[in-house]
Amino acid sequence: MVGSEFYTDERCWITELWGNADDVSVSLARCRVEAGVTTQLHSLTVFERYLIEQGEGVMQVGAVTRRVKPGDSVTIPVGTAQRIANVGTGDLVFLVLCTPRFVPECYRNLEQDNLPPPLVES
C-alpha cells in the first residue's frame, strides 16, 4: 500500500510504503530531503534504520556525525537525538524502517524554539 508523498514539519517529504494498524510491528517509508535542507533535530520512541538510496548527506545520531551516500545504512536507537543534512546538489532519498510501527505520537521535536548549530562532521 503506497501512499502519496506529503511534506512534514520535520522539513522533508515522506511516502508511506508500509504502515497500518493491523501490523504494529513495523513501518516502512521513503524520505526525501531537498538540497541544502537539514531535517529537524528530533528523537523517536521507536528503533529506526535508514538505507540511503540517492544523494549525499551528513547524518547526526547522538554526538556522532558522518557522511552518508547511496548504499550506506544508519541505525538509530530509541530516544537518540538525530537529524540529517542534504549536502549534495540533488535530492537526498532514503528508506526508513521503524520497529515498532511509526505513529506521530512517537516523534519528539528537540529544537523547540531554538535552532541547533549546523551539522559539522566529527
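In this predicted model, the lining of the largest pocket draws at least two residues from each of β2, β3, β4 (42–44), β5 and β10. Strand β3 makes the largest contribution to that lining, with four residues. The volume of this pocket is about 550 Å³, and T8, E10, I14, F102 and Y107 are the closest to its centre among the 24 residues that line it. By residue class, the lining consists of 16 nonpolar, three polar and five charged residues.

## The six-stranded sheet

Several of the strands just named also belong to an open sheet of six strands, which follow the order β1-β2-β3-β10-β5-β8 with antiparallel pairing. The edges of this sheet are β1 (6–7) and β8, each of which pairs on one side only. At the β1 edge, two bridges connect β1 with strand β2 (residues 13–20) in the antiparallel sense, and Y7 has W13 of β2 as its bridge partner.

Strand β5 (residues 47–54) is held between two neighbours in the order given above. Seven bridges link β5 to strand β10 (residues 92–99), the two running antiparallel, while four bridges link β5 to strand β8 (residues 73–76), again in the antiparallel sense. Residue L51 illustrates both pairings, since its bridge partner in β10 is L95 and it stands opposite S73 in β8.

The antiparallel strand pairs for which bridge counts are available, including those of β6 treated further below, are collected here.

| Strand pair | Bridges |
|---|---|
| β5 (47–54) and β10 (92–99) | seven |
| β5 and β8 (73–76) | four |
| β1 and β2 (13–20) | two |
| β6 and β7 (64–68) | five |
| β6 and β9 (82–86) | five |

## Strand β6 and its two partners

Strand β6 is mostly covered, five of its five residues being buried. In a regular strand the side chains alternate between the two faces of the sheet. For β6 both faces are covered, with G57, M59 and V61 buried on one side and V58 and Q60 buried on the other.

Pairing accompanies this burial along the strand. Five bridges join β6 to strand β7 (residues 64–68) in the antiparallel sense, and a further antiparallel pairing, also over five bridges, joins β6 to strand β9 (residues 82–86). Here V58 plays a part comparable to a shared reference point, as its bridge partner in β7 is R67 and its bridge partner in β9 is A85. The β6 and β7 strands form a hairpin with two residues between them, and G62 in the turn has a positive phi of about 65°.

## The nonpolar core

In soluble globular proteins, nonpolar side chains tend to be buried together. The largest nonpolar core of this model has 21 residues, of which C31, V33, Y50, M59, V74, I84 and F94 touch the most other members. Two or more residues of this core come from each of β3 (23–33), β5, β6 (57–61), β8 and β10, and β10 gives the most, with four residues.

What does V74 contact when neighbours within four places in sequence are left aside? The contacts of V74 are E48, R49, Y50, M59, V61, R66 and V68; among them, Y50 and M59 are also listed with V74 as core residues that touch the most other members.

## An exposed valine and two backbone details

Valine V24 is found in strand β3, yet with a relative accessible area of 53% it counts as exposed, because that value lies over 50%. Not counting residues up to four places away in sequence, V24 touches P100 and R101. The C-alpha atoms of V24 and T65, which are 41 residues apart along the chain, are separated by 30 Å.

Most residues other than glycine have a negative phi, and most peptide bonds are trans. Two places in this model depart from those tendencies. P100, in the loop between β10 and β11 (107–109), is joined to T99 by a cis peptide bond with omega of about -10°. R11, in the loop between β1 and β2, has a positive phi of about 80° although it is not a glycine. The same arginine, R11, is partly exposed, because its relative accessible area of 26% falls between the cut-offs of 20% and 50%.

How values were computed
Residues numbered from 1 in each chain as written. Predicted model: local features only at pLDDT ≥ 70, side-chain atom pairs only at ≥ 80, totals over all residues. Heavy atoms only, no water. Pairing = 2+ DSSP bridges. Core = buried A, V, L, I, M, F, W, Y, C linked by side-chain atoms within 4.5 Å. Buried < 20%, exposed > 50% of the residue type's maximum accessible area, 1.4 Å probe, protein only. Contact = heavy atoms within 4.5 Å. 1 Å grid on protein atoms, 1.4 Å probe; cavity = no way out; pocket = protein on both sides within 12 Å on 5 of 7 lines; lining within 4 Å. Points joined across faces, edges and corners; volume = space filled by probe spheres on them. Nonpolar A, V, L, I, M, F, W, Y, C, P; charged D, E, K, R; others polar.
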